[in-house]
Amino acid sequence: MARALRIAGVVAASLIAIVIVILVTGFPSGYVASLVQDRIERDTGCRIAINGTIGIDLWPSLGFALRHVTLDRPGKTATDAQFAVEEIRAALEPASLLSGTLKISELNIDRPTLRVPLLRELTGSGVSSKSDRAGETAEDSTEFPVDRVTVSNGAIVFFDPQTGWENRVDGVNASVTLGADRRINIRGEARPGDRSLTFTIAASPPAGLLGRRNIPTELKLEILGAPPRRLTARAEVRINGEMLLINGLSGSFDDGKFNGWASVDLSSKPLVKVDLDFQRLDLGAAASQPSAPRSGAQPWSDAPIDVSGLKYVDAQATISVAELNIGRARFAPAQVDAAIDRGVLKASFSNLGAYDGRANGSLSIDASLNDPSYALKGDVSGVRALPLLSSLADFDNVDGRMRATADVRGTGVSARAIMLSLTGTASIDVRDGAIRNLNIAKMIRALTSGTLSGWQERPDQTTDMSQLSATATIAKGQATTNDLFLTGPLVRMSGAGTFDLGSKTLALRVEPKLVMTTEGQAGRADPIGLGIPIVVQGAWSEPRIYPDVAGILDDPDAVDAKLREWGQGLFGRSGSGSSDRSGPSIGETLDTLIRQGLGAGTDPAPDRPPATGKPSQGPSHQNVPSRDKPPPIDEIMKQLFGR
C-alpha cells in the first residue's frame, strides 16, 4: 500500500508540474513530459509514457487531461504488471496555485487496464531493500496531493505468460477518498465472469514509517448471485516492503464467524498464507426444495465449472471448522490443509466427523490445463448411510452403518464431462439396516406376472438387510461390479453388471432368492430357496425389471435338481409335508410346469415313468389340470406367496 501511494503521489505531483510549466513558460509539452518521465522513473522505478495529447482545461475549473498513458518498468520481466489508461483528467484547486502547495481536488481515471502476470519469481524475498525503506521514510511525511480518485470502466486482465491463458475482470468502478485524518476509504464494484461484486475498504494509516506500524483495516465484500456471499473482516495490517502481514484477523463469511492470521507476498504473483478457525462454514448450493425432481432422474449438468480462480494466487492454508456444511451435508468437526501452486489445488482432511462416523481423504484439482482434472481419494467408516447419501446425492433408499472407499479421477469442464471420464475404484459395505421404500420379496413375486417398470417404490415398505456390499472398477465412466451382494432375514441376492455414470443408466443381472429362514448374516451362505435370474436395465431411477428366461434354460438339469432340493426342504420329500408319498413332489411339479410353459415339451422326462408310479394315460391327460380345482401352480403360488 505504501509503495502504491508513493508512486501515485509522485505521478500526480509530476503531472501537476507539467501543467504549471506549460502555463507559465509555454515550453512544448513533449519536452516537459520527457523531464517528468525521467523524474518518475528515478523516484519510483516505473516509466510513464504519454502516447496521446495533453490538454489544458480552464473552464469550468482549472485542470488538465492526458490521453493514452502507460505505466510500466524499464526492462520489465514476465512477472511485472502493465498499466494502461485511455484518459486521465485532473481538477486543480486554484487556491493551491497561490499558496505554492499544489493540490488535485479530483483525479478521474477512465478505461484503465491492468495486466497482472500469474507467474511467481522464486528469487524474490518479499522484503524491501534499504533504499526502498529510505524512500518510504521520506514520502510518509508528505501529504498525499490528491483528495479523491475515481476509476471508471476499468478492467483487470490476469494472464499466464508461459501458457498464454488469460481471464478478465470487467466493469471495475471505484472511488478512493483521502481524508484530512489520513483515513483512506475505497468503494467499488467489479464483474468477474457472469457474477458481480461490491467492496469497501477502510484504512487509517498512522503518521510515520508504515513499515513499522500497524494499519487498522476493515473490509466488506459481497458477491451477488445464487447463492449470494458476504465477507466482512477487520485486522491490523503491517507493511514490510512487498509483504503484507495481517494479524488479529477476525470477521464472518456469510453467517460463520472466524479468526486467525494471514500474510500476502506481493513481490510477483501473490502468495497467500492463511490460518483460520471457523465456527461454521457453509459451502455449495442451497438445499433443494422437497418438491424438486430427484437428482437421479436428471441428466448431469453441462454448465461450465469455473476453477480458474486457482490460477490467480499461490496459497498455503489451514482451515479448522467446528461445523462444515457442504450443500445439505453436515460435518463436525473438520480440518483441511490445502496448498495452491501454479493452478493446482491439493487438499487433505483427516478424522472428519461425519454422521457418527469418520472420514479421511484428499482432493486435488488441476486448473493449469484447458481441461481441469480432479482426483478424489477417501474412505468413510461407521457413518449412518441414510443421512450421508441423502444429503450428498439425494439418495434415500439405503439405511445402516456404512463403510465406503473411493479412489477416482476425472477431467472436464462440466459435471457431465467429469462423470463420463471417471476412472478408478470404489467399494461400499452397509450393515444392519434396511432398503427403504422397497419390498424386494414382493417385487420378486410380482415378476411372476410380467415385467416391472421402475423400482415399485412405496414409502410404507422396507426390506430388512444384514449386509449390502459391492466393489466396482471404473473406466471411462463405466462402473463394473462382479460381487453385488445382499443378505437379509428372508432374502438373498447376488449379482453383477455395469453402471453408466455418465448417462445414469445400469445393466445388471441379479439372482434374488426368497429363502425359508429368518437368519441374517449367521445363516448358511447358500440357503435353500428359489432363485430366478433377474435383469435390471435402463435409467437407474426408473429401470425395467424382468426375469431372465434364457438364464433359466441354460442348465435345465441344474434347475431341476434345485427345484427338487427346494421342494424337499420346504414341504418335505413328498412335496406336501405329509407322510403320503403317492403324489408328485413340488420340485417335480414345478419342473414339469416350467418346461411346459417355456415350450420344452409336454413330457419332462420321456425315458422316466411318471412320479406316481401309475401307468400313463397318454399325453392328452398328462399334467392337464382339472376344471374343478385350480392348477397345481396356483396352489403352489398360494402356499409360497399368499396369492
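What share of the contacts in the protein chain with a separation of 6 or more comes from residues 24 or more positions apart? Keep that in mind while I say what we are looking at. This is a predicted model, with a protein chain of 11 helices and 32 strands. And the answer is 51%.

Okay, some overall figures. The chain has 643 residues, and 38% of them count as buried. The exposed surface comes to about 34100 Å², with carbon and sulfur atoms supplying 55% of that area.

Let's go inside. The largest nonpolar core has 57 residues. Which of its residues touch the most other members? Those are Leu-249, Val-398, Met-402 and Leu-468. There is also another core lying apart from that one, with 17 residues, among them Ile-48, Leu-62, Val-69 and Val-146.

I'd like to spend a moment on Leu-249. You'll find Leu-249 in strand 12, which covers residues 243–253. Is Leu-249 buried or exposed? Its relative accessibility is 13%, and the cut-off for buried is under 20%, so Leu-249 counts as buried. If we skip the neighbours within four places in sequence, Leu-249 is in contact with Ala-233, Arg-234 and Ala-235, then with Phe-258, Asn-259, Gly-260, Trp-261 and Ala-262, and also with Leu-276. One more distance for Leu-249: its C-alpha atom is separated by 9.8 Å from that of Thr-217, and the two residues are 32 residues apart along the chain.

Now Val-398, another of the core residues I just named. Not counting residues up to four places away in sequence, Val-398 touches Ala-385, Leu-386 and Leu-389, as well as Val-430, Ala-434, Ile-435, Met-465 and Leu-468.

That takes us to helix 5, residues 385–393. Which residues of helix 5 are buried? They are Ala-385, Pro-387, Leu-388, Leu-389, Ser-390 and Ser-391. As for what covers those buried residues, the cover includes strand 18 (329–331), strand 22 (373–384), strand 23 (398–411) and strand 24 (423–436). And if you look just past the helix, Asp-394 follows helix 5 with a positive phi, near 55°.

On to charges. How many salt bridges does the structure hold? The count is 21, and I'll walk through a few.

Take Glu-106 and Arg-148, whose side chains meet in a salt bridge at 3.7 Å, N to O. This pair links distant parts of the chain, with Glu-106 in strand 5 (residues 104–117) and Arg-148 in strand 6 (residues 148–159), 42 residues apart. Glu-106 counts as partly exposed, at 27% relative accessibility, and Arg-148 counts as partly exposed too, at 33%.

Then there's Arg-111 with Asp-110, where the closest N and O atoms of the salt bridge are 3.1 Å apart. Here Asp-110 is buried, with a relative accessible area of 17%, whereas Arg-111 is partly exposed at 42%.

The next pair is Arg-401 and Asp-356, a salt bridge with its closest N and O atoms 3.9 Å apart. Where do these two sit? Arg-401 is in strand 23, while Asp-356 is in the loop between strand 20 (344–354) and strand 21 (357–366), so to speak a link between distant parts of the chain, 45 residues apart. Arg-401 is partly exposed, with a relative accessible area of 41%, but Asp-356 is exposed, at 58%. And before we leave salt bridges: Arg-67, Glu-87 and Arg-89 are joined into one network by salt bridges that share partners.

Last stop, a sheet. This is an open sheet of three strands in the order 15-17-18, and the pairing is mixed. Why is one side of strand 15 and of strand 18 left without a neighbour in the sheet? Because strand 15 (281–283) and strand 18 stand at the edges, each with a single partner strand. On average, neighbouring strands of this sheet are turned by 15° against each other, direction ignored. Strand 17 (residues 324–326) and strand 18 run antiparallel, joined by three bridges. For one residue you can click on, Asn-325 has Arg-330 in strand 18 as its bridge partner. Strand 18 is also part of what covers the buried residues of helix 5, which we visited earlier.

Notes. Residues numbered from 1 in each chain as written. Predicted model: local features only at pLDDT ≥ 70, side-chain atom pairs only at ≥ 80, totals over all residues. Heavy atoms only, no water. Helix = DSSP H or I, 4+ residues; strand = E, 2+ residues; numbered from the N terminus. Buried < 20%, exposed > 50% of the residue type's maximum accessible area, 1.4 Å probe, protein only. Contact = heavy atoms within 4.5 Å. Core = buried A, V, L, I, M, F, W, Y, C linked by side-chain atoms within 4.5 Å. Areas by Shrake-Rupley, 256 points an atom, 1.4 Å probe, with all protein chains shown as cover. Salt bridge = Lys/Arg side-chain N within 4 Å of Asp/Glu carboxyl O. Pairing = 2+ DSSP bridges. Axes fitted to C-alpha atoms, helices over the stretch in contact; angles between N-to-C directions.
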